[in-house]
Each structure stands twice: as structure tokens, then as C-alpha cells.
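Let's take a walk through a protein and see how its parts fit together. Keep the picture open while you read, and find each residue as it comes up.

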Amino acid sequence: MNADATVKVAPAKQVKKKKPASLDRKKARAGWWFVLPFVVVFIAVYVPIIFDSIRFSFNELEILKSGGYELIPIGFDNYREALFDDAGYVTTLIAGLKQLVLDIPAIVIFSLFMAIMLNDKMPGRTLFRAIFFIPVILSTGIIDNIDQGNSMMEYMGSSEGISQGGTEGSQTSADQLISAMDIQKLFANMKIGTGLVEYVAGLVNDIYNVVNRSGVQMLIFLAGLQSINPAIYESCRIDGASSWETFWKITFPMISPMILVNTIYTVIDSFTSESNQVMTYIDNVYKNEANGHVLSSAMSWMYFLIVVLMIALVAGLLSMYIFYQRRD
């Protein structure tokens, strides 16, 4: 063997140490474990139902004498029938959209106003918060069904109502607390159009519904308000800023992400509530029409697309004015 020969030894492979997962990644993994039951149930139960609903909307249902049913492909005929042949669906849909445009600002503004009021330090603050959230509890589940069957509520909501002074024809109902004429007298010297007068009168008459649907939004706004650093408000007071300036330059920008969240939540809640007239109409078509199963499926999917477009429009418009605080 040659003495000058050298033996080359391959360098040992360096084992790369895995970097420990960051706190954000650990939180993300923990979040997936929390939502895993919902994801599993959604895939196992709801995805097949959604697929069948889409399939039904493009078919005609024929009941077999031997039992069961047969689907006959008809393309977009159910969608054309819902849009052009069934005038009630389009009319109800337009009316529902108009009502939604009027209700969303009222609910969001009212919940923001009440959240700011309840965020101040005052005696009994916790009690007042609970009182304003009680309608949310009363409007869910079995309590809502009991309330719908309450004869007293039916009487208050009927056209007979409570008599005023015993004069015939002067009866009013509980949902007509104020008329457009009363608002017009109040705004007589302010040169306000009749459209705004009717809108304000409608909000006053619908105050129970507005309060009833503002509880969740109020809690979200309260959480956002309490997340604002008190040192910012202290700096504003030292600089001599008024409460009005502090609200528009500090509170409103800091709470703007919650405005986006609450607006989207209100849209979804309004579109999917049991009292929604479009949902009621689709349910009646499903129960009463001869081929209502497939026709209501087509109506439901058109309604779903409108909801998605409405949410995208609201999110796109509000996102241009949202302020996100950097936490570097």
C-alpha cells in the first residue's frame, strides 16, 4: 500500500434540529382540535344534504307508484320558473332586501350606542348588560315557540289592539306606537323628506325587533371597547380633547373592525331568521306546491347566492374604511 495514500473520510451528516413551534402555531393547532367535531359532522352529514339539494334543483321529482321517487333532469327550468313564472318569489325577495337595507344600519348603530353607554362606569352596569341581553335568550329555542303561541302577544300584535278613549275607529296596535304624521309634525321645520320620516317612524314602531336583535352585537362591541388601551384615552384627556373628538378619532377607528363583524353577522342573522319573509315563502312552496321539493331547492340556492353577494358587497365596502391597530 502506498504510504502517500490518504484515506478520505466522509463528513458526518449534521442532524438539523427542528425549531420549536411558535406560540401562534400552537394556538392554531389547538384551534383545529376545537373545530374538529364540527368539521367531521359537517362533512359526514351536511355535505351530502347540500349535494342532494343542488341535484334536486336541476331535476323534476316524480313519485313512483311502487314507492320512492325518480329524478328527471330538466336543466334550469326550476330556476326559470322561480324567477319568471312565480311572481310572488321575486316580489317577496325584493321586499326582504329592502327591509334588510333599512334594518342593518338601525341594529348596528343602536348596538354600538348601547355598548358605549354600558361600557361607562356606573352603578348596576352588569345588571343593565344582562337586561339588554335577555331578549336574545327569549328569542331562541323553546321560549320562542312559547312566545309565538302566547295569546297576549297575538292580541297586542293584532289590528284590534287597545282602544283609546272608547272612540270607534281609534284603535291601534302595539306595533304602531307612532305614525308618520307624528314624526312629520316633529320635523316640520327641518325640511326633511317624507322618505326619511317614514323610515324613522318605522324604526320607532319596530323598536322591539331592533332591541331583540342587538344583543349579540352589543356584546361584541363591548369586547372591542374593553380591548382599547385606557392609556390612549388618558393621553387624549391630557391634550384637552373633548368626548366628541375622542369618540371620532379614537373610539370609532379602534372599534371599526367590530363594525364589520357585526354588520356581516346582522346580514346573516336577518337572512336566516325564522321570521324572514323569504324563508317563510320558500317553506310554504316546499309544503304546498305539487313539485315544491325541487322548486324550493332552486329558490333556496338563488337566495343563498344573493346572501353571499350581499356579504361580499358589505365586506368590500366596509373594508376600505377599517382601521387595524398594529401590535408590533
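What follows is a short tour of a predicted model, from the overall layout down to single residues.

## The big picture

Start by zooming out. The protein has 14 helices and two strands. It counts 328 residues, and buried ones make up 26% of them. The accessible surface adds up to about 23,300 Å², and carbon and sulfur atoms account for 65% of that.

How about contacts along the chain? Take the contacts between residues at least 6 apart in sequence: 62% of these join residues that are at least 24 apart.

## Inside the core

Now look inside. The largest nonpolar core has 40 residues. Which of them touch the most other members? They are Tyr89, Phe221, Val267, Phe271, Met299 and Tyr303. Several helices chip in with at least two residues each: H2 (77-85), H3 (87-119), H9 (207-212), H10, H12, H13 (277-288) and H14 (292-319). H3 gives the most, with eleven residues.

Tyr303 is a good one to click on. Setting aside its neighbours within four places in sequence, Tyr303 is in contact with Tyr89, Leu93, Phe271, Asn276, Val278, Met279 and Ile282. Two of the names on that contact list, Tyr89 and Phe271, also appear among the core residues that touch the most other members.

## A closer look at helix H10

Helix H10 runs over residues 215-226, which makes twelve residues. From its first C-alpha to its last, H10 reaches 17 Å, close to the 16 Å expected at 1.5 Å a residue.

Which residues of H10 are buried? They are Gly215, Gln217, Met218, Phe221, Leu222, Gly224 and Leu225. Phe221 should ring a bell, since it is also one of the core residues with the most contacts to other members.

## Two threonines in helix H12

Helix H12 covers residues 243-272, and Thr266 lies in it. Is Thr266 buried or exposed? Its relative accessible area is 1%, so Thr266 counts as buried; the cut-off is under 20%. Leaving out residues up to four places away in sequence, Thr266 touches Ile104, Ile107, Val108 and Gln217. Gln217 is one of the buried residues of H10.

Thr246 lies in H12 too. With a relative accessible area of 11%, Thr246 is buried as well. Again not counting residues up to four places away, Thr246 touches Tyr233, Cys236, Ala241 and Thr251.

## A nonpolar patch on the outside

Back to the surface. A nonpolar patch of about 870 Å² is made by Phe38, Val41, Phe42, Ile43, Val45, Tyr46, Val47, Ile49, Ile50 and Ile54.

Pick Val41 as an example. Val41 lies in helix H1, which spans residues 23-57. Its relative accessible area is 43%, so Val41 counts as partly exposed, between the 20% and 50% cut-offs.

## Three salt bridges

Side chains of opposite charge can pair when their charged atoms come close. How many salt bridges are there in this model? The count comes to three.

One joins Asp52 and Arg55, with the closest N and O atoms 3.1 Å apart. Both residues lie in helix H1, three residues apart, which is about one turn of the helix. Asp52 is partly exposed at 31% relative accessible area, and Arg55 is partly exposed at 33%. Another salt bridge links the side chains of Asp77 and Arg80, at 2.3 Å from N to O. Asp77 and Arg80 sit three residues apart in helix H2, so about one helical turn separates them. Asp77 is partly exposed at 35%, and so is Arg80 at 44%.

There is also a salt bridge between Lys287 and Asp283, at 3.1 Å from N to O. Why are Lys287 and Asp283 separated by about one helical turn? Because they are four residues apart in helix H13. An α-helix has 3.6 residues a turn, so residues three or four places apart point the same way. Lys287 is exposed, with a relative accessible area of 58%, whereas Asp283 is partly exposed at 33%.

Conventions. Residues are numbered from 1 along each chain as its sequence is written. This is a predicted model: local features need pLDDT of at least 70, side-chain atom pairs count only at pLDDT 80 or more; totals for chains, interfaces and linings use all residues. Side-chain values use heavy atoms; hydrogens and water are left out. The expected span of a helix is 1.5 Å times one less than its number of residues. Buried means under 20% relative accessible area, exposed over 50%, partly exposed in between (1.4 Å probe, protein chains only). Patches are made of residues with over 30% relative accessible area and no salt bridge: like charges are joined within 9 Å, nonpolar side chains (Val, Leu, Ile, Met, Phe, Trp, Tyr) within 5 Å. Accessible areas come from the Shrake-Rupley method with a 1.4 Å probe; for residues, only the protein chains shown count as cover. A salt bridge is a side-chain nitrogen of Lys or Arg within 4 Å of a carboxyl oxygen of Asp or Glu. Contact means heavy atoms within 4.5 Å. A nonpolar core is a set of buried Ala, Val, Leu, Ile, Met, Phe, Trp, Tyr and Cys residues joined through side-chain atoms within 4.5 Å.
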